Amino acid sequence: MTTDSRAELPSWTSLASHSTDVQSLHLRELFDQDAGRGERFHLEAVGFYFDYAKQLVTDETLRLLLELARESHVAERRDAMFAGEHINVSEDRAVLHVALRLPREETLVVDGVDVVAEVHRVLDQMARFANSVRSGEWRGHTGKPIKNVVNIGIGGSDLGPVMAYEALRHYSQRDLTFRFVSNVDATDFVEAVRDLEADETLFIISSKTFGTLETLTNANSARAWLLERLHDNTAVAKHFVAVSTNAAKVAAFGIDVANMFEFWDWVGGRYSMESAIGLSTMIAIGPQHFEEMLSGFHALDEHFRTAPFESNLPVLHGLLAVWNRDFLGFSTVGVMPYDQYLHRLPAYLQQLTMESNGKHVTFSGERVTYETGPVYWGEPGTNGQHSFYQLIHQGTTKVPVDFIGFARSLNPLAQHHDILMSNIFAQAEALAFGKTEAELRAEGADERALKHRVMEGNRPSSVVLAEELTPRLLGSLIALYEHSVFVQGTIWKIDSFDQWGVELGKQLSVTIIPELANDAPGDLRHDSSTNALIARYRALKENGQGS
């Protein structure tokens, strides 16, 4: 028999009762009753101005949410994470992405090893290599410097590097070209290298075990592509490096193990962009900017570790997410960065949030009886305004939104930035307050279209505002969401650091691959639907080969 351990908490019970009162309120009322709401319901920390006045919360909501954090032992679990305790319960591992950004002079011993020393050993190795590529000192097989870097990985080994490169492209070395290959679909690889010269191209193969099927399939195709053009197996060592822990497989591939960059089992893939997984990022922006990004991560880490809950940015962000998911019933979250450089941020946050908190059992293996893990999605502004904003304004599903914007553009041009930022403030205002029939009539709206033009409002949003998108700011922004995810997972009593749901489909695909060959035995041992699909696929393949 499962038990809803959250319902046993006094604060959870109080929040459930309180939520019925809040659901009868409208943001118009809340602002009318409190002229200073906008000034009170915000938080400034680590370079961010976080406005949550347009969330459906009252002072009592916040009081109860803070009590929920205390009753859920968020502080104790946070401190255990920073101390290196094995809080990843299903895999019995420490969770130490925070150690990846600790300053060199710090010490943190975990399982008998000073992990800070290990981290900086690898960072120094990365910096030496990045500088040699950026300066042209590193030469390919024919003696030419590297002009193209292709990162091959999947999941956190792709989403983090590609997001960081795009976010920090302004700071990148522009005579270098960067491409990212993750999909096992051959098109991804073929299009990535179509216009590249082999003797000017470096491949970074990112796979902890050097056995991830998708990554190794692409890596082997990259190796074949290179050798078809350079005709010498020794060329592999000049054009491939690895981010891995499996020296034997790396060497067998033809990569010099001196050019293998290590990371550790206490770093989950979706938390690894500031480890050796970020080698492509460091090559792009240089070691100094990479260090600045790490300092931004660390600044937010220290804020999360030390700030009181009521002024703690990721705690508050995480609590609002729990409130919206469990007590107001909102099943999805929109993340809308109003900066084109952050166009890959929503995809990155999808993995961070949904792989972390898409769980259905508690730490102890009991089935949860409350909601966890909302769906995250988004698109940069202003593009999204001309696609899905119609639904979030007038649809039947309410979608809480995080707007992210900056006071200064890295590419100032005429009035572009003021126009861009005016849309954040206008969209948040429109979502909150909408437009009534009376207001439309007062504006002289056509009666025939009146009801079609009504917007009910009362749709919650927050605004994260910062001065400028810098490497340091990006680090802090990612850490904000990392720790918000942690707070949510702790309150839900789920393990945010495993990802068993990723594995089953991959395991089944391995058994199906040989069955797709045209000469494979016809005796298939799946359900009738899967058997029929495999048979039809094979028939279609044969038809194509015979034409």
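Helices (H or I, at least four residues) and strands (E, at least two) on this tour are DSSP runs, numbered from the N terminus, and two strands pair if DSSP finds at least two bridges between them. The model is predicted, so local features need pLDDT of at least 70 and side-chain atom pairs count only at pLDDT 80 or more, while totals for chains, interfaces and linings use all residues. Residues are numbered from 1 along each chain as its sequence is written, and side-chain values use heavy atoms, with hydrogens and water left out.

**First stop: the parallel sheet.** Select strands 5 to 9: these five form an open sheet with parallel pairing, in the order 6-5-7-8-9. At its edges you will find strand 6 (177-181) and strand 9 (260-261), each pairing on one side only. Now pick residues 201-206 and 240-243, which are strand 7 and strand 8, joined by four bridges. Here Ile204 faces Val241 of strand 8.

**Second stop: the helices across it.** Add residues 156-167 to see helix 7 lying across strand 5 (148-152), strand 6 and strand 7, at about 150° to strand 6. Contact means heavy atoms within 4.5 Å; axes are lines fitted to C-alpha atoms, for helices over the stretch in contact, and angles run from 0 to 180 degrees between N-to-C directions. Next, show residues 186-193: helix 8 lies across strand 6 and strand 7, at about 170° to strand 6.

**Last stop: antiparallel strands.** Jump to residues 42-45 and 48-51, where four bridges join strand 1 to strand 2. Two residues lie between the strands of this hairpin, and Val46 takes a positive phi near 50°. His42 has Asp51 as its bridge partner in strand 2. Then follow Asp51 across to Val463, which stands opposite in strand 13. Strand 13 (residues 461-466) runs antiparallel to strand 2, with four bridges joining them.
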